[in-house]
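Grab a viewer and work through the exercises below. Each one sets a task and then walks through a solution.

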Number of protein chains: 2
Amino acid sequence: MAVNYPNGKLFDAVSHLPEKKKKRDTIYSNRGMNLEEDINTSNDYYLLVERAVIHKKPTPIQVVKVDYPSRSAAIIKEAYYRQSSTTDYNGVYKGYYLDFEAKETNNKTSFPLKNFHEHQIVHMKRCNQQMGITFVLIRFSCYNRVFLLDSSYLIDFWENKLNNGRKSIPLAFIESKGFEIGYGFNPRLDYLVAVDKLLEMKMK
Amino acid sequence: MAVNYPNGKLFDAVSHLPEKKKKRDTIYSNRGMNLEEDINTSNDYYLLVERAVIHKKPTPIQVVKVDYPSRSAAIIKEAYYRQSSTTDYNGVYKGYYLDFEAKETNNKTSFPLKNFHEHQIVHMKRCNQQMGITFVLIRFSCYNRVFLLDSSYLIDFWENKLNNGRKSIPLAFIESKGFEIGYGFNPRLDYLVAVDKLLEMKMK
């Protein structure tokens, strides 16, 4: 059942469920953490060592009712999740504007495009027009392998899908065109190494 | 009275009050809209004409309790405002990472530094290290004059204040070092013209 928001936008309830309520598509992850947490702790580390300034954007929430039991204590009593109009992460690294989305799948041979939303693709295209560096971080949970893939490939697959093309990106394609990111201690997921490779490729 | 959050951060209740509940420090604004709304509508326009991709970040909210009357309808029943760790706006323009904060005052001769928070200054310094373009948009409500001021000046005044220096930036200083932004129809506040001047100055 589709439900309309106060702001008129359709609400994707499942993607907003708290982690523990989500049907996890990963059964035997090697680690307790998920991709989002790995990225967040890596961003904290990058901030600490002054390597980059990258933050996850807060989830947009439409506040309807707030109680003020006292002047300095505000309790939100009614609010709704809203659809974001951007990707989840952005920031600045060596003068470059970085913008990306992170997604996981339990699929073994390809990454389903249904993991992405139209507004995320549109946003990445807009950022590309402004010479931003946009990409996706993709995790294959069953192998615990993470890749950085330039958004241009994702956009191609997305537009091809709209013309009745295939509905997923093959792992073999991601292996060939993306940059694999190794897990480490600190940062947990050193994705800026892959960003450096991407920048090098783009500068050629 | 200061109140601690669930996340342990102090909460600045007043800055989170809904607009209409805020004690407005402007009495006779020439327009119905405020600086934030002027910037937001200008950003919408910039997006539409593909001139820049700049968004206001959602206010971070700590969700404590959510009801799911049905699978697709999530109602947040208890939540708290959290302190942001960044500025309000960021995005990409002609390959540059832009990051800024917008503030208004009803003061007539200077801009009080108490309008800024330590975390905003720290964030701008970090972005500067990464070669981001950071600044503040400052509105003197009683004159309805808006200026763009490079963050380096703000940071200087801020650090000077910590050493018992003056607690505000004189309007005369802002007039001399900042770039005034005119109001228009579309975009309402064409602040990218001032950003162009700032970029030109930085490239010299």
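Buried area is the accessible area (1.4 Å probe) that two parts lose on being put together, summed over both. Before you start: this is a predicted model, where local features need pLDDT of at least 70, side-chain atom pairs count only at pLDDT 80 or more, and totals for chains, interfaces and linings use all residues. Residues are numbered from 1 along each chain as its sequence is written, chains are lettered from A in the order in which they are written, and side-chain values use heavy atoms, without hydrogens and water.

**Exercise 1. Work out how much area chain B and chain A bury between them, and which three residues of chain B supply most.**

Step 1: the two chains bury about 4,300 Å², with 62% of it on carbon and sulfur atoms.
Step 2: count who takes part. Contact means heavy atoms within 4.5 Å, and 50 residues from chain B meet 50 residues from chain A.
Step 3: B:S72, B:I76 and B:Q130 supply 15% of what chain B buries against chain A, more than any other three residues.

**Exercise 2. Find the operation that lays chain B on chain A.**

Step 1: superpose by least squares on the C-alpha atoms of residues with pLDDT (the predictor's confidence in each residue, from 0 to 100) of at least 70 in both copies.
Step 2: a turn of 180 degrees with a shift of 0.0 Å along the axis does it, at an RMSD of 0.0 Å.
Step 3: the copies are therefore related as by a two-fold rotation axis. Both use the same surface, as 100% of chain B's contact residues recur in chain A.

**Exercise 3. Describe helix 2 of chain B.**

Step 1: helices are DSSP runs (H or I, at least four residues) and strands likewise (E, at least two), numbered from the N terminus. Helix 2 covers residues 35–48, 14 residues in total.
Step 2: its first and last C-alpha are 20 Å apart, close to the 20 Å expected at 1.5 Å a residue; the expected span is 1.5 Å times one less than the number of residues.
Step 3: buried means under 20% relative accessible area (1.4 Å probe, protein chains only). Residues of helix 2 that qualify include B:L35, B:D38, B:I39 and B:S42.
Step 4: just past the helix, B:E50 has a positive phi of about 60 degrees.

**Exercise 4. Is B:S168 buried or exposed?**

Step 1: B:S168 sits in strand 9 (residues 168–170) of chain B.
Step 2: its relative accessibility is 10%, so B:S168 counts as buried.

Methods. Buried < 20%, exposed > 50% of the residue type's maximum accessible area, 1.4 Å probe, protein only.
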